[in-house]
Amino acid sequence: MYGNTSLTEEEAKRLNLTEEDPIKLAEFEDRITRGEKIEPGDWMPKEYRKQLLRMIEQHAHSEIVGALPEGTWITRAPNFRRKLALIAKVQDEIGHGQLLYSAAETLGKTREQMLEDLLNGKSKYSNVFNYPALTWADVAVIGFLVDGAAIVNQVINSKGSYGPYCRALERICYEESFHLKQGHDNVVYLATGTKHQRAILQDAINRWYRPLLHFFGPPDRNSQHSEKLMKWKVKLASNDDMRNQFLDQYVPKIWELDLTFPDPNLKKNDDGIWEFSDPDWDEFKRVINGGGPCNAERLEVRKYAEEAGRWVRNALMSKNEKYVMPMA
Amino acid sequence: MNNEGLKDLLYKMADDALIIGHRNSEWTGIGPMLEEDLAFSSMAQDKIGHAQALYKILHEILGEEDPDKIAFLREEKKFKCCHFTELPIGEYDFSLVRHFLFDHAEALRYEMLAQSSFQPIVLLAKKIKGEIKYHTMHSDSFLKQLGTGNEESHARMQSALNYAFPFALGIFEKSEFENEIIADGIFAGEEELKKRWLEKIATIIAAATLKLPHVDESKIAYGGRKGFHSEYLKPLLDEMCEVVRTDPEAEW
């Protein structure tokens, strides 16, 4: 999901990550089959390390970039209750970033390197944050539906095989469940409010519909299935399965409020599978590759933070201190 | 008890807290490191919470409008915050120095208010004191580290302090009811607060190897307490009220 750039078989081969000691590999796979967690000091295949690092790093970036579209509404929130909830919520997202960078660091890459790769474009973040939050109703829709989609993904991933990532996700999911409540509460207030409030809410839902379908990544028929990733419990559900679970949980909640999605073909079939119109996967690719409405703006803000804050970090850093990889 | 004086005091404290809270919240997402985003964001929540609690006293005990109306629908000239809180966040050096100077004044103000003859503020002051302790702990630790960090950070801290100090002194602008609230035992007064503050910050500033600048009385940024504000407050309030003004009667 997050940027959807998992390591392909060819890439792994090119990077020389596939050759492993068969005995160690078999032991490693047995541990995962038994449901054991892999911890930072444990032996792990190079490809597993690389894949997880990429995934956790992208997830961390998604948290801190994801704080930006909502963050701009903190100063405009319409009353004390919403304002305090929104600051706390956005603060949580930054905190999730901090937690995830630490989890990723256990695989051997520093936070500084990760942030550098975010800025130079080597490392991606979730596509959904390349869209603008145009009105207050966007805050409600992000809090309810984007966070709802993230929870579907994160709950599934928290059952994965890498200990530090699972533990970070468990805590994140716990906090996210509160975000979802504030998002839902906000959506309900707007949906049951004045004409103006309903209108901005419907407009926001219309704009976020496609990015939400894109959120889980391309359809399974177009994405390379990696049995290996499933076997290693790096990936635990297919994109289509997660998307279907999301639609199943959230579409009825929006319909209940007498609101609509801008898709006449959206419906649940008898077999429990949701059907929807093609959400334009070319646009998805375009946005991932930098062509979305806010890609440049998001990175500009991060660049500002990095550059304007460098003197602070330099002054706090003692010259004799050495980097030590955290162990949990 | 002088109600007008009491209201004036609560309004200026609440407005200071709301506006500095607004400014602190602007750091969420752009701090020099994630830990500082989190710190400024936490302090913003505390300050905005303090503002709300003070407006609540004004509403429930002193008959003013409800907190959301007071904060989000009042005109600029009715605000009583000092200019210091209104200034934009600037770079981290200024925001940190403002946080240091402002929060020490707050900490001492609430310490004094814990002795007030007005009971509702005593209870609140005791609670808030405990929170602000962490704000000053944070500001002191960073001021010392950056004041003594390297040549650049030292220079930045000193120049931020030079710039901020005349504004900080504006915190202690006296109200027209100053003598009455002192006589009623509500608050020991701005002059006393300023004296304690200068003593308190002097040792920390020295430990950070910085120097307090000399400020001419004529350079002190007064006016806020009487409704005369810097050019930065109006745009801040416009932004703060942008959503609610699209439909002021709606429930948000």
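## Helices α6 and α10 of chain A

In this predicted model, helix α6(A) and helix α10(A) are oblique to each other, because an angle from 115 to 145 degrees falls outside the roughly perpendicular and roughly antiparallel ranges. The two helices pack at about 130 degrees, and their axes are 10 Å apart. Helix α6 of chain A covers residues 136-157. The crossing of α6(A) and α10(A) is right-handed.

## Helix α10 of chain A

Helix α10 of chain A runs over residues 239-256, which is 18 residues. At 1.5 Å a residue, α10(A) should span 26 Å, and the distance between its end C-alpha atoms, 26 Å, agrees with this. The helix α10(A) nevertheless has a bend of about 25 degrees, located at A:Leu247.

Which residues of α10(A) are buried? They are A:Met242, A:Arg243, A:Phe246, A:Leu247 and A:Ile254. A:Leu247, where the bend lies, is thus one of the buried residues. An α-helix has 3.6 residues a turn, so residues three or four places apart point the same way.

## Helices α5 and α6 of chain B

In chain B, helix α5 spans residues 92-113 and helix α6 spans residues 119-147. Their axes come within 8 Å and cross at roughly 150 degrees. This angle is over 145 degrees, and α5(B) and α6(B) are therefore roughly antiparallel to each other. The crossing of α5(B) and α6(B) is left-handed. The contact of α5(B) with α6(B) comprises 12 nonpolar, five polar and six charged residues.

Notes
Residues numbered from 1 in each chain as written. Chains lettered and ligands numbered in written order. Predicted model: local features only at pLDDT ≥ 70, side-chain atom pairs only at ≥ 80, totals over all residues. Axes fitted to C-alpha atoms, helices over the stretch in contact; angles between N-to-C directions. Helix = DSSP H or I, 4+ residues; strand = E, 2+ residues; numbered from the N terminus. Parallel < 35°, antiparallel > 145°, perpendicular 65-115°, else oblique. Left-handed = near helix turned anticlockwise from the far one by under 90°. Nonpolar A, V, L, I, M, F, W, Y, C, P; charged D, E, K, R; others polar. Expected span 1.5 Å × (residues − 1). Bend = angle between axes of the 7 residues up to and from the residue. Buried ≥ 20, exposed ≤ 12 C-beta atoms within 10 Å, placed from the backbone.
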